[in-house]
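This briefing concerns the fold of one protein chain and the surroundings of its ligand. Please examine the sequence and the structure below before reading on.

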Amino acid sequence: MSGRKTEWVTKHLDYDGEVTWLVESHGPPDDPTPPCRPTCRHCYATQLPPDARERLVVSELSLYPSDLVNHPRLEDVLRRARELVESRRPLPLKLITSGKGLTERRLEVLLRHLDQLDFHLMSTDPRERASLTRESVDRAERVLALVRRSAEEIDTVANVVLVPGHNLRSLPRTLRDLDDWGLRKCVVIPVGLTRYHRGGLRPLTREEERWVWEVCRRLDEELDLDVVPCDSLLPEERFRPELERVARECARAVEGLELRVGLVTGEAFGPVIRELCERVNAELEDRVLEPVIVRNRYFGGNIRCAGLLTGRDVIRELKGSDVDVAIVPRISVELGSFIDGVTTWEVAARADCEVVVGPERLEELPETLSRIASGWVGCTQPS
Ligand code: SF4
């Protein structure tokens, strides 16, 4: 989903830190892409809350399922996208597509204008892919042949959304096939299901997430393909070595502070933040840091990342705590407010605490705490 101001070429940051210019699937605001049909079983656009259009500060176009390859004037759109990024920072221009609607002719157009193609692939087995995309098996087979052709001619990457009962257990085979086909990278993402999804699918269990993490780690070493698990799959112990150091620096930063500081986070990162607070408080023999783990009531289901937290859910959680200052995740307010339009000032007023926007990375937290300890508090918007 993209911000309220409809930018149809945006900077895209991948899970491994790779930055590209992305042509948004919804197309330009005055010439949008027609909605995808049929919609995939796991599509986010079919599981949004009923008041999403009024409540969320995202472009209306991004609330509809769309794939730019279905745009009737695809070549004009890509030509314009290229012109737009020409004067900006030099980064590869890319498109994320499921390939639904892709034909030989349309692939030629993509190859002429783009530097990178990112396929929302689901599986290298046409039957498995079709079970999720609701294409015919023949059609899925043709799309997969086009993916192979793309990999011969252009930088081609894939992302695979894992859905138990459909494509989860075949992940090792999928990754090996992508390596054989010459793709450079595959990002692996567990399916996100809100409480409004139409049923028949379930999220991954903790054991399945751990298995996926192991498969990604092992095949990343074994294959030329870069296998990138999304952040929500990272097991807690991966943060332990860094956590020890960050906790020591945080303790130094807040020593003697007579304020209680809440670290706001989503459920996905909650255990890491809880452990960090425990370590700092144990070192100080005082209760200075408080984990504020916010359950995403608005979307529900397994939506646990900080990026989709609403201000209303954050206020509810903060009201139940006794913090003086709340540090909110930068990613939660990157649109200039929370995704429901609630600003950090509104959170501060309604939860009766100061609000500070946190750093981009956990290792920069001690610096933010030092600024709070030196008397610099107050609402800040992300820069
Ligand atoms: S291709 Fe993407 S946007 Fe279109 S229906 Fe499938 S998941 Fe939704």
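The points below cover the overall fold, the open sheet and the ligand shell.

The model is predicted: local features need pLDDT of at least 70, side-chain atom pairs count only at pLDDT 80 or more, and totals for chains, interfaces and linings use all residues. Residues are numbered from 1 along each chain as its sequence is written.

**Overall fold**
- The chain contains twelve helices and eleven strands, taken as DSSP runs (helices H or I, at least four residues; strands E, at least two) numbered from the N terminus.
- The radius of gyration is 22 Å, close to the 21 Å of the globule rule for 383 residues, so the chain is as compact as a globular protein of that length; the radius is taken over C-alpha atoms, and the rule is 2.2 Å times the number of residues to the power 0.38.

**Open sheet**
- Seven strands form an open sheet with mixed pairing, in the order β1-β2-β3-β4-β5-β6-β7; strands pair if DSSP finds at least two bridges between them.
- At the edges, β1 (9–13) and β7 (226–229) each pair on one side only.
- Five bridges join β1 to the antiparallel strand β2 (residues 19–23), and L13 has V19 in β2 as its bridge partner.

**Ligand shell**
- C36, T39, C40, C43, A45, P65, S66, D67, S98, K100 and H120 surround the ligand, each with its C-beta atom, placed from the backbone, within 6 Å of it.
- This shell divides into five nonpolar, four polar and two charged residues, where Ala, Val, Leu, Ile, Met, Phe, Trp, Tyr, Cys and Pro count as nonpolar, Asp, Glu, Lys and Arg as charged, and the others, Gly among them, as polar.
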